[in-house]
Amino acid sequence: MVVSDDGGPPQRWSGSAADCSTRLSPASTYKIPHALVGLETVAVTESTVEKWDGVRHPDQPKWNLDHTVFSAMRPSVLWFFQRMAPRIGAERAHEWLQPFAYGNTDTSGPITLYWVNARLRISPDEQLAFLTRFYGDTLPVTKAHVDRLQAAMLQAPGTVENARGVHTLDAAWRPGIQLSSKTGATTIESGESVSWLVGQLTVDERKLTFASATWRSKGGVDTLDATRLAIQTFVERGVLAKRARTSDDITVLVLRNGSPVFSSTLLGEQTATIGVNTDITVARGDSVQLRVKVDSPIDATQVPWLPRVFYIAT
């Protein structure tokens, strides 16, 4: 999993450099650039409604509806994009993917399958570079299309939606936290399978653009494995709060030269975040300590702890 924190340089929060540079089928995460290309080439418009053909999809309930390009995003309506792809054409799609720097930009082979059969491949590193431009409004496309697409990718609080429905995320959610994302999963002919979650997590004013992927050459992965990886990593990094209660209260302390300058307590039954946002005046030789205090043993796995301290010389 790779992350850009508030527009900063890419950081590997999970996996090796080799993992993050491995090119994989984008699966349904390709719907982000695909939708943009469809709109820019007028293969569809913002108001185009594609009619459901009546073929029932028992495991994908929202596929049994009419859709616009925006309503088709969160439930990952494959037939909508397979219907749009021939109107764009392989060559035009390739030409658009080049300035996007979208993986290997390969759109050859069956026009309705190249993003799920691994002709088109992209690495987590390359996904993050593309997403940084997508959320930073620096792609060579119409800004109104980007704005509408970003809005269409917003998830309901504490959930993520894919083709099979809406799924609850294993993290506490509060006002100020917002997830814009796209899932993806596929298994190709060789047996390689991949699961993706890509997008941007907003926590108050902090924006974390990310690409999470899990894959196996054989044996399969669950469609939500990359989602679980992303949420678990955000919790472990302290971006998202503990979900479960703990057996005792938790107190965060900031001390300067042994004396408290900040203290805040989270009750055992609470599931929330302690925000430490305070300025401390220090002089040469001062010591600053950050502590988590409990009076009895607790399940520490429920309390992610990632303090960040910044020193500014004046």
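**View 1. L255 faces its partner across two strands.** In this predicted model, L255 sits opposite Q289, a residue of strand 10. Strand 8, covering residues 250-256, and strand 10 run antiparallel and are joined by six bridges.

**View 2. Zooming out to the three-stranded sheet.** Reading across this open sheet, the strand order is 9-8-10, and the pairing is antiparallel. Which strands are the edge strands? They are strand 9 (259-266) and strand 10 (288-293), each with pairing on one side only. On average, neighbouring strands here are turned by 15° against each other, if you ignore direction. As a reminder, strands of a sheet pair through backbone hydrogen bonds.

**View 3. Inside the largest nonpolar core.** Here we're looking at a set of 50 residues, where I32, F80, F81, F134 and L149 have the most contacts inside the core. Several helices give two or more residues to it: helix 2 (31-40), helix 3 (78-88), helix 4 (90-100), helix 5 (124-135) and helix 6 (143-152). Strand 6 (193-203) and strand 7 (206-216) do so too. Which element gives the largest share? That's helix 3, with six residues.

**View 4. Who touches F80?** Skip the neighbours within four places in sequence, and F80 is in contact with V44, E50, H67, T68, V69 and A72. F80 is also one of the residues with the most contacts inside the largest nonpolar core.

**View 5. Another core, apart from the largest one.** This core has 21 residues and lies apart from the core shown in View 3. Among its members are M1, A171, A230 and F234.

Terms used: Residues are numbered from 1 along each chain as its sequence is written. This is a predicted model: local features need pLDDT of at least 70, side-chain atom pairs count only at pLDDT 80 or more; totals for chains, interfaces and linings use all residues. Side-chain values use heavy atoms; hydrogens and water are left out. Two strands pair if DSSP finds at least two bridges between them. Helices (H or I, at least four residues) and strands (E, at least two) are DSSP runs, numbered from the N terminus. Axes are lines fitted to C-alpha atoms, for helices over the stretch in contact, and angles run from 0 to 180 degrees between N-to-C directions. A nonpolar core is a set of buried Ala, Val, Leu, Ile, Met, Phe, Trp, Tyr and Cys residues joined through side-chain atoms within 4.5 Å. Buried means under 20% relative accessible area, exposed over 50%, partly exposed in between (1.4 Å probe, protein chains only). Contact means heavy atoms within 4.5 Å.
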